[in-house]
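User: Hi! I have a model open on my screen and would like to walk through it with you, one question at a time. Could you help me read it?

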Amino acid sequence: MRIEGITIDEIQKGYKEKSFTVKEVVKAYIDRIKERDGEINAFITLREEEALSEAEKMDERLKDGEDIGLLGGIPVAIKDNICTRGIKTSCASKVLEDFIPPYDATVVKKLREAGAIILGKTNMDEFAMGSSTENSALMVTKNPWDLNKVPGGSSGGSAAALSAGFAPLTFGSDTGGSIRQPAAFCGAVGLKPTYGLVSRFGLIAFASSLDQIGPFTKTVKDCALSLQAIQGNDPLDSTSFQGEVTKSYVDGLEKGIKGLRVGVPRECFKEGLNSEIRESVEKTIEVLKEMGAIVEEFSLPIMDSGLSAYYIISSAEASSNLARYDGIRYGYRTKEFQDIEELIVNTRTEAFGKEVKRRIMLGTYVLSSGYYDAYYNKAMLLRKKIRNMFKDAFESYDIILTPTSPVLPFNIGEKTEDPLEMYLADIYTVNINIAGVPAISIPCGFSKDKLPIGVQLIGDHFTEKKLLQSAYSIEQELKIFKNIPQWKEEA
Ligand code: GLN
């Protein structure tokens with residue numbers, strides 16, 4: 001069994017045909033992680049014994065002919081900002097370095113109920129703030145396609161783990177692109193669901209009005225299945241969707257895209273877009289046309305303004321959400337203090353990283369009484385405009401197509417000194433969170449240096465079914481998912 005290339009679908013077939021046991025699969029992944037994660041740094045916590053013993057139990061259930069669930073016996077890795085009962089959840093921050101949640105996030109609870117086996121927790125930018133995973137307080141994760149490059153971020157550990165063949169399914173969170181951009185950088189499929197479709201309960205908050213949890217997979221079919229397992233209303237999350245959810249995203253995936261109306265925003269192909277990415281995305285557009293989609297160029301005029309609105313809104317919410325880390329209730333506490341004020345100030349100064357502090361300061365500033373109208377209120381107006389702009393576009397199109405990222409995976413250290421340059425990596429992804437609509441990134445090609453390129457498909461609210469169908473058609477035509485990175489002695 002070549003564990004690194006295998007999909008969820010193939011594992012499930014193997015279980016059914018008794019080609020291998022759950023324990024064999026889990027052990028193969030753990031062995032691979034132990035052998036090779038020293039080069040990648042995808043995992044913060046590995047759960048070896050527990051995962052193997054859960055696998056044994058799953059094998060017993062299989063032997064007894066029991067239904068083992070939608071993701072029965074599927075090993076998963078989870079970003080370290082999603083709470084896992086009894087397993088350290090650090091947010092890659094010194095503030096939470098010893099935090100062991102007494103409860104599961106709803107997504108984790110659903111995964112356990114669906115029979116998934118948690119292998120471990122993955123590295124990320126501290127509190128999910130970043131685009132390269134270099135803001136982790138613990139370590140820098142490397143891109144399996146080129147160990148000198150970043151895997152993208154903030155869910156870089158989950159993207160790299162998937163692509164390195166450490167798990168067939170991993171999860172991340174996406175506030176402004178943190179699933180789609182690393183998926184593009186690592187050659188994975190990554191989905192940000194419609195805001196509210198997946199519960200945020202137990203996801204450590206960065207910007208609550210933008211955050212969503214979603215999967216990284218090798219194929220669109222695996223992505224469809226995973227979404228089924230984690231979606232649905234949750235009384236513990238007041239922003240969770242209350243309506244009827246689509247029962248199966250897998251059924252009808254092969255429906256094809258004849259007659260699909262695809263809009264391509266002109267603004268996304270202006271200067272700043274890497275030429276190899278442009279070429280690859282344009283080729284994908286040609287493929288879509290050949291398959292019978294009706295593709296049209298159009299204008300999304302305030303696409304560029306999204307970035308400013310995003311950094312104001314997300315930092316404002318972060319400054320409020322992160323106020324809870326005061327050294328009193330839980331998490332890191334300074335040893336140097338005379339009074340309560342010093343306790344709070346020293347704790348926060350010592351424990352938060354540079355980027356987190358930058359966002360807290362920016363957020364506090366835009367919310368302060370003298371500047372609220374000038375910044376926060378303006379950003380909220382822009383948010384409304386962006387939502388309406390998408391609403392209008394979806395009157396004419398079923399899907400909007402853009403590159404996922406304007407740049408190829410960059411060198412480790414290349415952008416750390418210039419935060420604005422780093423923020424630009426999100427130019428095509430942040431608007432989607434602002435509008436609350438779903439979007440998926442799928443691999444669409446490679447640069448001449450063999451670095452993955454992703455294309456982003458955006459749908460209207462709660463049209464994941466159509467989005468996944470479209471992504472599936474493109475994937476089947478391009479067949480990129482067959483590629484897996486080969487690094488060092490494996491090459
Ligand atoms: N890169 C963006 C940021 O730094 C998005 C982060 C995310 O989606 N969590 O805020």
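User: Let's begin with the strands. Over how many bridges do strand E9 and E11 pair, and in which sense?

Analyst: Happy to help, and please keep in mind that this is a predicted model. Strand E9 covers residues 399-403, and leucine 401 stands opposite leucine 457 in E11. E9 and E11 pair in the antiparallel sense, over four bridges.

User: And which residue stands opposite isoleucine 458 in E11?

Analyst: For this one, look at strand E10, residues 439-446, which pairs with E11 in the antiparallel sense over seven bridges. The residue opposite isoleucine 458 is alanine 439.

User: How many residues of strand E11 are buried?

Analyst: Take the two faces of E11 in turn. On one side, Pro452, Gly454, Gln456 and Ile458 are buried, and on the other side Ile453, Val455 and Leu457 are buried as well. Strand E11, residues 452-458, is therefore mostly covered, since buried stands for under 20% relative accessible area. The count of buried residues in E11 is seven of seven.

User: Which residue in the hairpin of E10 and E11 takes a positive phi?

Analyst: The hairpin has five residues between the strands. Within this hairpin, a phi near 65° belongs to lysine 450.

User: After E11, is phenylalanine 462 buried, exposed or partly exposed?

Analyst: Phenylalanine 462 is found in the loop between E11 and helix H15 (464-478). Its phi is positive, about 60°, although the residue is not a glycine. The relative accessibility of phenylalanine 462 is 33%, so the residue counts as partly exposed.

User: Now the interior. Which helix gives the most to the largest nonpolar core?

Analyst: The largest nonpolar core has 143 residues, and Leu71, Phe127, Phe390 and Ile440 touch the most other members. With eight residues, the helix that gives the most to this core is H9 (residues 306-321).

User: Which residues of strand E11 does isoleucine 440 contact?

Analyst: Isoleucine 440 is among the residues that touch the most other members of the largest core. Leaving aside neighbours within four places in sequence, its contacts include Arg180, Cys223 and Leu467. Strand E11 spans residues 452-458, and the contacts of isoleucine 440 that fall there are Val455, Gln456 and Leu457.

User: What is the relative accessible area of cysteine 91?

Analyst: Cysteine 91 sits in the loop between strand E2 (75-79) and helix H4 (106-113). Not counting residues up to four places away in sequence, cysteine 91 touches Asp80, Asn81, Leu96, Met124, Asp125, Glu126, Phe127 and Ile204. Cysteine 91 is buried, and its relative accessible area is 1%.

User: Let's turn to the ligand. How much of its exposed area does the protein bury?

Analyst: There are 15 residues around the ligand, and those that come nearest are Thr175, Gly176, Ser178, Tyr310 and Arg359. A backbone N or O atom of glycine 176 lies 2.6 Å from an oxygen atom of the ligand, and a polar backbone atom of alanine 128 is 2.9 Å from a nitrogen atom of the ligand. Taken alone the ligand exposes 290 Å², and the share buried by the protein is 100%.

User: Which peptide bond is cis, with omega near 10°?

Analyst: Look in the loop between strand E3 (117-122) and helix H5 (156-163), where serine 154 has its place. The side chain of serine 154 also has an N or O atom 3.4 Å from a nitrogen atom of the ligand. The cis bond runs from glycine 153 to serine 154.

User: Is threonine 133 buried or exposed?

Analyst: Threonine 133 is in the loop between E3 and H5, and its phi is near 65°, a positive value in a residue other than glycine. Its relative accessibility is 0%, so threonine 133 counts as buried.

User: Last one: which side chain does glutamate 355 join in a polar contact of 2.3 Å?

Analyst: Glutamate 355 is in helix H11 (residues 354-367) and counts as buried because its relative accessibility is 10%. Leaving aside neighbours within four places in sequence, glutamate 355 is in contact with Met129, Asn135, Pro419 and Tyr423. The partner in the 2.3 Å polar contact is the side chain of arginine 358.

Technical notes: Residues are numbered from 1 along each chain as its sequence is written. This is a predicted model: local features need pLDDT of at least 70, side-chain atom pairs count only at pLDDT 80 or more; totals for chains, interfaces and linings use all residues. Side-chain values use heavy atoms; hydrogens and water are left out. Buried means under 20% relative accessible area, exposed over 50%, partly exposed in between (1.4 Å probe, protein chains only). Helices (H or I, at least four residues) and strands (E, at least two) are DSSP runs, numbered from the N terminus. Two strands pair if DSSP finds at least two bridges between them. Contact means heavy atoms within 4.5 Å. A nonpolar core is a set of buried Ala, Val, Leu, Ile, Met, Phe, Trp, Tyr and Cys residues joined through side-chain atoms within 4.5 Å. A residue is near a molecule or strand if one of its heavy atoms lies within 4 Å of it. A polar contact is a pair of N or O atoms within 3.5 Å; within protein, one must be able to donate a hydrogen and the other to accept it, and residues adjacent in sequence count only if both atoms are side-chain atoms. Accessible areas come from the Shrake-Rupley method with a 1.4 Å probe; for residues, only the protein chains shown count as cover.
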